[in-house]
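Got your viewer open and a selection box ready? Let's take a walk through this one, a stop at a time.

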Amino acid sequence: MTSPTTKLNSGYEMPLVGFGLWKVNNDTCADQVYSAIKAGYRLLDGACDYGNEKEVGQGIARAIKDGLVKREELFVVSKLWNTFHDSDKVEPIARKQLQDLGLDYFDLFLIHFPVALKYVDPAERYPPGWTGPDGKLEFSKATIQETWQAMESLVDKKLARSIGISNFSAQLIMDLLRHARIRPATLQIEHHPYLQQQELVKYAQNEGIVITAYSSFGPLSFIELNMSSAENTPALFDHDVVKSAATKHGKTPAQILLRWATQRNIAVIPKSNNPDRLSQNLDVTGWSLDQSELDAFNGLDLNLRFNNPVNYGLYIPMFA
Ligand code: NAD
């Protein structure tokens, strides 16, 4: 089974369901990527910050070599880390990331966060993370306009087919659209029933920007990080609204949560290393939740965000 696609404003088609690569360990990553492609995934959502691009590349190379897929059938996404926002740093790091992946272009390259940090030479520390060993945050003066222009030149040089943004607010997107020569194709945001961001979704979609949801299962991903707000929030899989829809449609709670997004043309990028769940997470299109179920989901919004630097002890209140 493969995923249907949605058309981006760049003219390219993007699968609505992909495989997320955050917290995929280096020792299993190549195998997991290979298994995901074998299961039918065509979109891989990676980032410099995930520290596993070499292994992702190995998994892709093996899948292509074994004839499971051709490069042009894959949709490879990666992200620009915060320490590479200065205009002269964007292209060199994009080229390094492509080299790590063993590819000559990204299908989609995103600004990971609207936060510019001081440059860190990859020879010194890679991936650089938010801070060095001293735990100190150091900022760069790069503006979003400067960084976006450098992203646009990646498209001109055919290093990226489409470019986009992640963790941006509507205010920042409004500003970006005033100067963008190439509009962002997608906006990747934390999105689940506890954090629905309905106005942001509506604004971006009206502007022709496709939304990709991350952390679709809400607190689950952050319990793995021992985040107390996640540990103290009721699991979405056990919520009555989710459970009753699962029973009615003969699907799992995970599938209901993913379908809630895809039914509104929001792409999803769940990750699993369990073969059953891998296929299950792909089967989230082609059937529909009823309007009454969608309405019930509206009532679950708590405006509760987990992936916030503030929750990791970093004082960057970017969502304030
Ligand atoms: P996730 O969607 O991978 O879900 C979290 C956990 O759910 C996983 O550990 C997995 O064990 C479990 N799971 C998956 N399928 C399941 C199923 N069918 N049944 C039961 N449990 C299941 O969450 P995530 O990793 O936070 O987000 C997904 C992807 O989004 C990431 O891998 C990454 O690519 C991207 N992401 C991007 C950002 C960003 O800032 N742009 C931030 C976080 C994540």
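What follows is a tour of the ligand site and then of two spots in the backbone.

Before you click anything, keep in mind that this is a predicted model.

**Stop 1: the ligand.** Select the ligand and zoom in. You're now looking into the largest pocket, which is where the ligand sits. Next, show the residues around the ligand: you should get 27 of them. The closest are D45, S215, S221, E224 and Q280, so labelled sticks for those five are a good start.

**Stop 2: the character of the shell.** Colour that shell by residue type. It splits into 11 nonpolar residues, 11 polar ones and five charged ones. Now switch to colouring by domain: domain 1 (12-171) and domain 2 (185-304) each put at least three residues into the shell.

**Stop 3: the helices.** Turn on the cartoon and pick out α7 (220-223) and α11 (275-282), each of which supplies at least two shell residues. Which element gives the most to the shell? That's α11, with three residues.

**Stop 4: polar side chains.** Back to sticks, with the distance tool at hand. Start at D45, where a polar side-chain atom is 2.6 Å from a ligand oxygen. Move on to N281 and find the polar side-chain atom 2.9 Å from a nitrogen atom of the ligand. Then try R277: one of its polar side-chain atoms lies 3.4 Å from a ligand nitrogen. While you're here, put a surface on the ligand. Taken alone, the ligand exposes 820 Å², and the protein buries 93% of that.

**Stop 5: a cis peptide.** Leave the ligand and select Y126 and P127. The peptide bond joining this pair is cis, with omega at about -5°. For orientation, P127 belongs to the loop running between β6 (106-111) and α4 (144-156).

**Stop 6: a positive phi.** Last pick: Q197. Where does Q197 lie? Look in the loop between β8 (186-190) and α6 (198-206). Check the backbone there: phi of Q197 is near 45°, a positive value in a residue that isn't glycine.

Notes. Residues are numbered from 1 along each chain as its sequence is written. This is a predicted model: local features need pLDDT of at least 70, side-chain atom pairs count only at pLDDT 80 or more; totals for chains, interfaces and linings use all residues. Side-chain values use heavy atoms; hydrogens and water are left out. A residue is near a molecule or strand if one of its heavy atoms lies within 4 Å of it. A polar contact is a pair of N or O atoms within 3.5 Å; within protein, one must be able to donate a hydrogen and the other to accept it, and residues adjacent in sequence count only if both atoms are side-chain atoms. Accessible areas come from the Shrake-Rupley method with a 1.4 Å probe; for residues, only the protein chains shown count as cover. On a 1 Å grid over the protein atoms alone, a cavity is a set of points where a 1.4 Å probe fits but cannot get out, and a pocket is an open set with protein on both sides within 12 Å along at least five of seven lines; lining residues have an atom within 4 Å of a point. A molecule sits in a cavity or pocket if more than half of its atoms lie within 2 Å of its grid points. Helices (H or I, at least four residues) and strands (E, at least two) are DSSP runs, numbered from the N terminus. Ala, Val, Leu, Ile, Met, Phe, Trp, Tyr, Cys and Pro count as nonpolar, Asp, Glu, Lys and Arg as charged, and the others, Gly among them, as polar. Domain bounds come from an automatic or database domain assignment.
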